Structure formats: structure tokens, C-alpha cells
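Dear colleague,

Please find the structure below, together with its sequence. My notes on it follow, and I would be grateful if you could read them with the model open.

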Amino acid sequence: MDSEIHGAVEALLEEVAVATQPEPLYDVRRLRGKVAIVTGGSSGIGRAVALEFAEGGTHIAFCFLDTGAQSRLDAQETARRLRALKVQVYFRSCDVRESHDVKDFVAEVQEELGGLQILINNAGIGRDGALWNMEDHEWEAVVRTNLDGAFFFTRAVAPIMRAQEFGKIVNVTSVHGISSEFGISNYASSKAGMIGLTRSAAIELGPRNINVNAVAPGYIRTTRLTDGVAPEILDRAREQAVLGRLGDPQDVAGVVVFLCSEAARHITGAVIPVDGGYLL
Ligand code: NDP
């Protein structure tokens with residue numbers, strides 16, 4: 001009898017001990033099976049973000065803008081790498097500047113991938129020039145892609161995330177949304193606008209358990225950067241970053257995934273520089 005009671009007590013203690021074990025908060029397995037939209041996921045930072053999620057088993061929907069053979073090849077290559085990680089993938093050209101296209105894309109993702117928990121507003125462009133020479137279309141292209149696009153996607157996913165009382169949104173802004181340089185008035189305005197959008201969305205969506213944050217990358221080695229920016233600007237950027245180097249797309253991807261993990265469940269409305277100390 002004694003040993004029976006002893007056995008029962010032991011079993012109870014074991015159960016209690018198991019139940020009180022602290023669970024690791026930063027556990028990408030918790031993102032396994034969830035569905036993430038990455039806008040502009042075909043190349044650069046967006047592709048690295050999509051792959052980082054897929055490594056943890058998150059299904060991926062991404063959009064890009066079909067501007068010719070190269071952009072289609074980039075998108076197909078991203079999809080191939082994602083599928084190799086055994087996640088479900090949905091992708092197509094969807095112009096983030098067109099609110100109807102965005103609405104349709106979000107509905108298709110739900111239908112094709114069976115849900116939606118995460119949105120990464122990453123699609124972005126630059127059209128640099130002194131503001132007194134800047135054409136209307138150069139201003140509009142940048143502001144509509146970077147800021148309107150993030151708004152359209154956030155607005156489209158909000159009812160879904162609100163209804164399920166769960167969601168994670170990360171906006172890819174820039175150090176140039178916080179400080180600026182000559183010749184980027186359109187880009188800096190759009191990226192500063194994204195920071196305002198991040199804070200507003202965090203306030204409005206927080207009560208339904210939706211976290212909205214932003215990352216602000218410094219100079220990150222992507223094709224767009226290495227092909228499009230003068231070497232002397234890159235040298236200056238390297239010098240200005242206290243870590244003495246340009247970032248890689250993976251540097252940004254790791255922080256984005258962290259912000260969508262349970263380790264970051266108490267972070268919202270934050271803007272996290274990923275810039276090697278550039279802003280210091
Ligand atoms: P890339 O040019 O490599 O990628 C941009 C992505 O956005 C591509 O997939 C592109 O598609 C897509 N895209 C562009 N316009 C649209 C549109 N209208 N609709 C849908 N998709 C579109 O850029 P990066 O990876 O360098 O930049 C990604 C984000 O990071 C941008 O928001 C950028 O401002 C930001 N950032 C980048 C930094 C850097 O140093 N690289 C520094 C700070 C911030 P496609 O190729 O088919 O046109």
C-alpha cells in the first residue's frame with residue numbers, strides 16, 4: 001500500500017515537474033505550419049526573409065513585380081529554393097501599388113495556403129535625385145510602392161488577423177526613414193511614413209493580439225545596392241557603421257523572424273535598426 005502511494009506521489013511530482021518546465025520562447029518550431037506573406041520576396045532582403053521563415057517550416061506566399069524576364073527568373077528561383085525546404089509556396093506578380101490587386105492576392109493566399117498569420121511589408125524601390133529636379137512620377141513611384149503598398153497590405157490582412165486574434169506584421173523601413181541624405185527626399189519620406197504606419201497599426205491592432213513592428217536596415221548587400229549605388233557611397237557607409245561592414249540580407253532576415261516569434265510577443269510599435277551602428 002505504502003509503495004502504491006509512494007508511486008502515485010512520484011508520478012504526480014513528475015507530472016508537475018514537466019508542467020512547470022520553462023518553455024524556450026525563441027523557438028522557430030512555433031512558426032512551423034503558419035503562413036507568411038512576404039512582399040517583394042523574389043530577391044534581396046525579401047528572398048532571405050522568405051527562406052529564413054521556410055527553414056523553420058513556415059509556408060510562404062510572396063509577390064513581386066513582373067518587369068521582364070529577369071524578375072520572373074528571380075521569382076522562380078526563390079520558389080524553387082523554398083520548395084526544397086518542403087514548405088508550401090504561392091507566388092505571383094502583384095503590384096503593391098494597386099489596392100485591388102493586393103486584396104485579391106491576400107484572398108488567394110488564404111485559399112491556397114489555408115490561413116494567414118504573418119505579413120512582411122518588404123517590397124520597396126528608390127528613384128534618387130535632388131528634390132528640385134524630381135519628376136512627379138519619381139516621387140509617386142517611390143511613395144506609392146513603399147508606403148501605399150505597406151498600407152494596402154496591412155489594411156487587407158487586418159480583418160483576418162483581428163478575427164483570429166493573432167497576427168505578426170513587420171515593415172521593412174530603412175535608416176533613411178530615421179535620418180536622411182542628399183537626393184532621397186521621396187525615399188526618406190516614404191520610409192519615415194512607414195514608421196508612422198507601424199506605430200498607428202500597432203495601436204489599432206494591438207488589442208486583438210497583433211504585433212506590428214519595423215526593422216530599419218542600413219546598407220545591405222543586395223544586387224540593387226551593389227549594382228545601383230556608387231562605390232564611394234558604399235565606402236562611406238562602411239566607415240560610418242561602427243561594425244565596419246555592410247550588412248547581408250540574412251542579418252535582416254534573422255531579426256524579422258525573431259519579431260514574429262514568441263520571444264518578441266511583448267514588442268510592438270518598435271523600430272529596430274539593423275545597421276551595424278550606422279545611426280550612432
Ligand atoms: P530588391 O530590389 O532586391 O527587391 C525588391 C523587391 O520588391 C523585388 O522582389 C521587387 O520585385 C519587389 N517590388 C518592387 N516594386 C514592387 C511592386 N510595385 N509590387 C510588388 N513588388 C515590387 O531590394 P532590396 O532587397 O535591397 O530591398 C528590400 C527592402 O529593403 C526595400 O523596401 C528597401 O527599401 C529596404 N532596404 C534596403 C536596403 C539595402 O541596402 N538593400 C537598406 C534599407 C532598406 P521585382 O524584382 O520583380 O521588381
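Across which strands does helix α4 lie, and at about what angle to β3 does it run? Helix α4, residues 99–113, lies across β1, β2 and β3, and its direction is at about 160° to that of β3. Please bear in mind throughout that this is a predicted model.

Overall description

The chain has 280 residues, of which 46% are buried. Its secondary structure consists of nine helices and seven strands. The C-alpha trace spans about 90 × 45 × 35 Å along its principal axes. The accessible surface amounts to about 14200 Å², and carbon and sulfur atoms account for 52% of that area. Among contacts between residues at least 6 apart in sequence, 75% join residues at least 24 apart. As for charge, the chain carries 27 positive and 36 negative charges, and the mean positions of the two sets are 2 Å apart.

The sheet and its helices

Seven strands make up an open sheet with parallel pairing, in the order β3-β2-β1-β4-β5-β6-β7. At its edges are β3 (89–93) and β7 (271–274), each of which pairs on one side only. From one strand to the next, the twist averages 15°.

Besides α4, helix α6 (residues 185–205) also lies over strands of this sheet: it crosses β4 (118–121), β5 (167–172), β6 (210–217) and β7. Helix α6 runs at about 160° to β6.

Strand β1

Strand β1 (residues 35–39) runs parallel to strand β2 (residues 59–64), and five bridges join the two. Within this pairing, alanine 36 stands opposite isoleucine 60, while isoleucine 37 stands opposite alanine 61. Five of the five residues of β1 are buried. Val35, Ile37 and Thr39 point one way from the strand, whereas Ala36 and Val38 point the other way. This follows the general rule that side chains in a regular strand alternate between the two faces of the sheet.

Valine 96

The loop between β3 and α4 contains valine 96. Is this residue buried or exposed? Its relative accessibility is 6%, under the 20% cut-off, and therefore valine 96 counts as buried. Leaving aside neighbours within four places in sequence, valine 96 is in contact with Thr39, Cys63, Val102, Ala123, Thr145, Gly149, Phe152 and Phe153. One of these, Thr39, belongs to the β1 residues described above. In addition, the C-alpha atoms of valine 96 and arginine 144 are 8.1 Å apart, although the two residues are separated by 48 places in sequence.

Two backbone angles to check

Most residues other than glycine have a negative phi. Two residues deserve a look in this respect. Lysine 86 is not a glycine, yet has a positive phi of about 65°. Lysine 86 lies in the loop between α3 (69–84) and β3, and because its relative accessibility is 75%, over the 50% cut-off, it counts as exposed. Glutamate 165, likewise not a glycine, has a positive phi of about 50°. Glutamate 165 is found in the loop between α5 (136–164) and β5. With a relative accessibility of 45%, which falls between the cut-offs of 20% and 50%, glutamate 165 counts as partly exposed.

With kind regards

Methods: Residues numbered from 1 in each chain as written. Predicted model: local features only at pLDDT ≥ 70, side-chain atom pairs only at ≥ 80, totals over all residues. Heavy atoms only, no water. Helix = DSSP H or I, 4+ residues; strand = E, 2+ residues; numbered from the N terminus. Buried < 20%, exposed > 50% of the residue type's maximum accessible area, 1.4 Å probe, protein only. Contact = heavy atoms within 4.5 Å. Areas by Shrake-Rupley, 256 points an atom, 1.4 Å probe, with all protein chains shown as cover. Lys, Arg positive; Asp, Glu negative; His and termini not counted. Charge placed at Lys NZ, Arg CZ, Asp CG, Glu CD. Pairing = 2+ DSSP bridges. Axes fitted to C-alpha atoms, helices over the stretch in contact; angles between N-to-C directions.
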